Amino acid sequence: MPISKEGVRKVNLQTIKNAERFIVFNEAVQKEALENGRNALFGLNGTEVDYIVAMECFNVVRYDAMDELEAELLYYQGRMYDCGYGVIKDYRKAYDCLSDAAYEGNAKAEYALGYLYYGGNHVEQDKAKAKECFEKAVKNGCVEAKEGLAHIAYYDDTDYETATFRISD
């Protein structure tokens, strides 16, 4: 049975209150906040989409020791700023969050940056940099980035054989 929006809000607010009790945030509490934020952002695990609750949960996670957890958080925040989910669109913040996450090796952030550079969205268009981002994303496990590489091979390099290979790979 899906959890009501009010139920999700209560669970997430309790997570925030639990996290505020610690001076040094416990990693388990941070992971719980990230998971609750992801659920609220995408409407996963029976929750309703609530962008405000998602950002509240994401704000619980600390940035002082960058690791995989914070890189994932920055990716989600970057996407929220890029699309205006629960926040005012802010392309500078979106780029900053995504590039910080990508720098830490987050494959989804590399993929998103690749499309920003390819299309010249919020940044100066740079197809070579886009290709580099897609390649890093694939190397770090983002299979969707193969689509970006295939797109570049097909439309920019007119290398149809490589494009077909990448799509079927």
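**Helix α7 and its surroundings**

Helix α7 covers residues 127-139, and its 13 residues reach 18 Å from the first C-alpha to the last, close to the 18 Å expected at 1.5 Å a residue. That expected span is 1.5 Å times one less than the number of residues. Helices here are DSSP runs of H or I with at least four residues, strands are runs of E with at least two, and both are numbered from the N terminus. The model is a predicted one, where local features need pLDDT of at least 70 and side-chain atom pairs count only at pLDDT 80 or more, while totals for chains, interfaces and linings use all residues. Residues are numbered from 1 along each chain as its sequence is written, and side-chain values use heavy atoms, with hydrogens and water left out.

So what does α7 tuck away? Ala 130, Cys 133, Phe 134 and Ala 137 are buried (under 20% relative accessible area, with exposed meaning over 50% and partly exposed in between, using a 1.4 Å probe and protein chains only). Seen down the axis of α7, these buried residues fall within an arc of 100°, so they line one face of the helix; the arc is taken from the directions from the helix axis to the C-beta atoms. The general rule is that an α-helix has 3.6 residues a turn, so residues three or four places apart point the same way. On the other side of α7, Ala 128 and Lys 139 are exposed. The cover over the buried residues includes α6 (107-119) and α8 (145-156).

The ends of α7 have their own details. At the N-terminal end, Asp 126 acts as a cap, with a side-chain oxygen 3.2 Å from the backbone nitrogen of Ala 128. Just after α7, Gly 141 takes a positive phi of about 105°.

Helix α6 also packs against α4 (residues 68-83), at an angle of about 30° and with the axes 9 Å apart. The two helices are therefore roughly parallel (angles under 35 degrees). The contact (heavy atoms within 4.5 Å) is made by Glu 72, Tyr 75, Tyr 76, Arg 79 and Asp 82 of α4 and by Lys 108, Ala 109, Ala 112 and Leu 116 of α6. Leu 74 also lies in α4, and counts as buried at 5% relative accessibility. Leu 74 and Ala 102 are 28 residues apart in sequence and 9.1 Å apart in space, C-alpha to C-alpha.

Zooming out, the protein chain has 9 helices and 0 strands. Buried residues make up 41% of its 169 residues.

Conventions. A polar contact is a pair of N or O atoms within 3.5 Å; within protein, one must be able to donate a hydrogen and the other to accept it, and residues adjacent in sequence count only if both atoms are side-chain atoms. Axes are lines fitted to C-alpha atoms, for helices over the stretch in contact, and angles run from 0 to 180 degrees between N-to-C directions. Angles under 35 degrees count as roughly parallel, over 145 as roughly antiparallel, 65 to 115 as roughly perpendicular and the rest as oblique.
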